[in-house]
Amino acid sequence: MSLFWIVIRQLAETEAMATTKNVITWEEWEKKLNDVKIRKEDMNKLVMNFLVTEGHVDAAEKFRKESGTEHIDLATITDRMAVKKALQCGNVEDAIEKVNDLNPEILDTNPQLYFHLQQQRLIELIRNGIVEEALEFAQEELAPRGEENQGFLEELERTVALLAFEDVSTCPVGELLDMSQRLKTASEVNAAILTSQSHEKDPKLPSLLKMLIWAQNQLDEKAAYPRINDLSTAVLEDPPV
């Protein structure tokens, strides 16, 4: 559990019955922080979890050596990042091949993921102006799946709608051609690969930061205290008087 979350929860419980805000001094706050003991090993695991999940191979290896954290299989991270890079570059067929090389069951057992990859292939064909091949691909590869799944059919219809507009900027589904769509597909595949490798699909650190923000907002109603206003620096700022 996050250090700040433990401290904030304790203080929130203490102030729960107060009708007016109390001011918590730096001395009181620091005493609460010092009373909570967090093992360095746990903090190292939290950092390593983020680096591995997000695919920072070099940073993960360097941190492993410096912190003495348990051994990690760098090859699995490298392979996973190769898939992600292929999708971000629009090379969907290459990405599918790499996923199958890693574990064919990932796509065999996840029809939604496979459809989204095929949908991304269609988007790339449309992006490159290969209209005839795009229509043929949609009809042969995606339409049959749409007949079996209403959600797939709606997504297919949204994608094919791109062909109806010469100026994509006026298309109501033009965001499908944005880089964000590639990133969305890449993120979905990345999560599936992590799950297949018995890893958590999302890093723990962002969730803890969200928990910190929520806890501070709860405590704001009860007390004024040294607060973290900028998560990028994690600097405690003086409580308002």
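**View 1. Glutamate 141 and the acidic patch of the predicted model**. Glutamate 141 counts as partly exposed, at 31% relative accessibility. Helix α9, residues 131-148, carries glutamate 141. On the surface, Glu141 gathers with Glu132, Glu133, Glu136 and Glu140 in a patch of negative charge. Patch members must have over 30% relative accessible area and no salt bridge. The 31% of glutamate 141 therefore lies over the accessibility cut-off.

**View 2. The span annotated as CTLH**. An unreviewed UniProt entry gives the annotation "domain: CTLH" to residues 76-133. In the model, this span is 83% helix and 0% strand. Its end C-alpha atoms lie 34 Å apart. Glu133, at the end of the annotated range, is one of the glutamates in the negative patch of View 1.

**View 3. A salt bridge between helices α6 and α8**. The side chains of glutamate 93 and arginine 121 meet here, 3.5 Å from N to O. Glutamate 93 lies in helix α6 (residues 92-102), and arginine 121 lies in helix α8 (residues 111-127). The pair therefore ties together parts that are 28 residues apart in sequence. Which partner is exposed, and which is partly exposed? Glutamate 93 is exposed, with a relative accessible area of 54%. Arginine 121 counts as partly exposed, at 22% relative accessibility.

**View 4. A salt bridge inside helix α4**. Arginine 64 and glutamate 61 join through their side chains, with an N to O distance of 3.0 Å. Both residues belong to helix α4, residues 57-67. They sit three residues apart, about one turn of the helix. Is glutamate 61 buried or exposed? Glutamate 61 counts as buried, because its relative accessibility is 17% and the cut-off for buried is under 20%. Arginine 64 has 21% relative accessibility, so this residue counts as partly exposed.

**View 5. The salt bridge of glutamate 200 and lysine 204**. The closest N and O atoms of this pair are 3.6 Å apart. Glutamate 200 counts as partly exposed, at 42% relative accessibility. Lysine 204 is also partly exposed. Its relative accessible area is 40%.

**View 6. A network of linked charges**. How many salt bridges does a search of the whole structure find? The search finds 13. In this close-up, salt bridges link Arg39, Glu41, Asp42 and Lys45 in a network.

**View 7. Serine 198, a non-glycine residue with positive phi**. Serine 198 has a phi of about 65 degrees. The residue lies in the loop between α11 (179-196) and α12 (204-220). Serine 198 counts as exposed, because its relative accessibility is 69% and the cut-off for exposed is over 50%. Glutamate 200, shown with its salt bridge in View 5, is partly exposed.

**View 8. Alanine 234, a non-glycine residue with positive phi**. The phi of alanine 234 is about 60 degrees. Where does alanine 234 lie? Its place is the loop between β3 (227-228) and β4 (236-237). Alanine 234 is partly exposed, with a relative accessible area of 42%.

Terms used. Residues numbered from 1 in each chain as written. Predicted model: local features only at pLDDT ≥ 70, side-chain atom pairs only at ≥ 80, totals over all residues. Heavy atoms only, no water. Patch = residues over 30% accessible without salt bridge, like charges linked within 9 Å, V, L, I, M, F, W, Y side chains within 5 Å. Areas by Shrake-Rupley, 256 points an atom, 1.4 Å probe, with all protein chains shown as cover. Salt bridge = Lys/Arg side-chain N within 4 Å of Asp/Glu carboxyl O. Lys, Arg positive; Asp, Glu negative; His and termini not counted. Charge placed at Lys NZ, Arg CZ, Asp CG, Glu CD. Helix = DSSP H or I, 4+ residues; strand = E, 2+ residues; numbered from the N terminus. Buried < 20%, exposed > 50% of the residue type's maximum accessible area, 1.4 Å probe, protein only. UniProt positions renumbered as here; feature names shortened; annotations may be inferred.
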